[in-house]
Amino acid sequence: MSEPVVVVNNIHKSFGSLRVLNGISLSVSAGETLVILGRSGTGKSVLLKTIIALLDPDKGDVTVYGHNLHQLNERARLSARAGIGYVFQGSALFDSLTVLENVGFAMYQQRRPMAEIREEVLKRLDMVGLADAVDKVPSELSGGMQKRVGLARAIIGEPKLILYDEPTTGLDPLTTDVINRIILRLRRKLGVTSIVVTHDIKSAYTIADRIIMLEQGVIVAEGTPDHIQKSNNVWVQNFITGRSSDLDNSGSRSSIPAIRD
Ligand SMILES: Nc1ncnc2c1ncn2[C@@H]1O[C@H](COP(=O)(O)OP(=O)(O)OP(=O)(O)O)[C@@H](O)[C@H]1O
Ligand SMILES: [Mg+2]
């Protein structure tokens, strides 16, 4: 069997006294789509940023295609990240650049011919239904459109690994469906490996090969969409039904079950 594309080994991450990741281990195989579910503030974005080495863990390690990005200097990290697509939660577009310049940013840096950049950018914008916006600037676009531009930028270099941080949050159901189909198509046609953070349980069932649920910085459930859907795990049930699980009957913070169901 081939080496997993991403291996996360017992990572811990705190900010001052705030413990965010508390010993996360997971691996993602080539061509697999792993979905990470969890409530707001449970460390999902911190986990993704740690995987791509925008943040360093306090303890534990991460390998991507067998390389430990955290051991590289900033320059080497930058070049390793070039092969990884990253869809930021907040789009993270450059306000003063056009959509063309934002999506084609990496190609401009590589000094590729203008006509080629425009053609490649238009191809990706067409996939997300935004070819008409090519010459606009981000402030002329809605939040959902900016999100789709962020997705177009992440897939322009045809990366084999893509990390998506809430790619469909705030989008209408039809656009959500378009994004989910893109994620499925990239896997089916190009064998892309993906990690997708989402709150959207319906999207999770549609795109995931495997789902993990994070709660207070640990994995509390893991399984196929079918397994998760039928799970009696209290964290999963509370998440699906939208019930708060923060406080138990005595009013104190409930403890995290140590096992995965
Ligand atoms: N750079 C940082 N410095 C200090 N605290 C941070 C930093 N990044 C994240 N945090 C804190 O870590 C915790 C987890 O944040 P994170 O962004 O991973 O949550 P999340 O699960 O992605 O939530 P959401 O679903 O709302 O996006 C939060 O309490 C957040 O305030
Ligand atoms: Mg987040």
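Me: How many helices and strands are there in the protein chain?
Reply: Happy to start there, keeping in mind that this is a predicted model. Counting along the protein chain gives 10 helices and 9 strands.

Me: Why can the protein chain be called as compact as a globular protein of that length?
Reply: The globule rule gives 18 Å for 261 residues. The protein chain comes close to that value, so it is as compact as a globular protein of that length, with a radius of gyration of 19 Å.

Me: What share of the contacts in the protein chain with a separation of 6 or more comes from residues 24 or more positions apart?
Reply: Let's look at burial beforehand: buried residues make up 39% of the 261 residues. As for the contacts with a separation of 6 or more, the share from residues 24 or more positions apart is 63%.

Me: Which domain touches the other through strand β6, and how many residues does β6 give?
Reply: The protein chain is divided into domain 1 (1-83 + 161-167 + 192-261) and domain 2 (84-158). Their contact takes 12 residues from domain 1 and 12 residues from domain 2. Strand β6 (residues 161-165) gives the most to the side that belongs to domain 1, with 5 residues.

Me: By class, what residues does the side of domain 1 that touches domain 2 have?
Reply: The centres of the two domains, taken over C-alpha atoms, are separated by 27 Å. On the side of domain 1 that touches domain 2, the classes are 7 nonpolar, 2 polar and 3 charged residues.

Me: Where does the largest nonpolar core lie with respect to domain 1 and domain 2?
Reply: This core has 69 residues, and those touching the most other members are Val35, Ile36, Ile51, Ala152, Leu163, Ile212 and Met213. Helix α6 (residues 143-155) contributes the largest share, 6 residues. Domain 1 and domain 2 both give residues to the core, so it lies between them.

Me: Which residues does Leu163 touch, not counting residues up to four places away in sequence?
Reply: Leu163 is one of the residues that touch the most other members of the largest nonpolar core. Leaving out residues up to four places away in sequence, Leu163 touches Leu48, Ile51, Ile52, Ile84, Tyr86 and Ile195.

Me: Which element gives the most to the shell around ligand 1?
Reply: The residues around ligand 1 include Phe15, Leu18, Gly41, Thr42, Lys44, Ser45, Val46 and Gln89. By class, the shell has 4 nonpolar, 7 polar and 1 charged residues. β2 (18-28) and α1 (44-51) each supply at least two of them. The most, 3 residues, come from α1.

Me: Is α1 largely enclosed by the rest of the structure or largely exposed, and which of its residues are buried?
Reply: In α1, 7 of the 8 residues are buried, so this helix is largely enclosed by the rest of the structure. The buried residues are Lys44, Ser45, Val46, Leu47, Leu48, Thr50 and Ile51.

Me: Which residue just after α1 takes a positive phi?
Reply: Look just past the end of the helix, where the phi is about 65 degrees. The residue that takes this positive phi is Ala53.

Me: Is Glu119 buried or exposed?
Reply: Glu119 lies in helix α5 (residues 114-127). A residue counts as exposed if 12 or fewer other C-beta atoms lie within 10 Å of its own. Glu119 has 11 other C-beta atoms within 10 Å, so this residue is exposed.

Me: How many Å apart in space are Glu119 and Lys136, C-alpha to C-alpha?
Reply: Along the sequence, Glu119 and Lys136 are 17 residues apart. In space, C-alpha to C-alpha, their separation is 16 Å.

Key: Residues numbered from 1 in each chain as written. Chains lettered and ligands numbered in written order. Predicted model: local features only at pLDDT ≥ 70, side-chain atom pairs only at ≥ 80, totals over all residues. Core = buried A, V, L, I, M, F, W, Y, C linked by C-beta atoms within 7 Å. Buried ≥ 20, exposed ≤ 12 C-beta atoms within 10 Å, placed from the backbone. Helix = DSSP H or I, 4+ residues; strand = E, 2+ residues; numbered from the N terminus. Domains from an automatic or database assignment. Contact = placed C-beta atoms within 7 Å. Near = placed C-beta within 6 Å. Nonpolar A, V, L, I, M, F, W, Y, C, P; charged D, E, K, R; others polar. Rg over C-alpha atoms; globule rule 2.2 N^0.38 Å.
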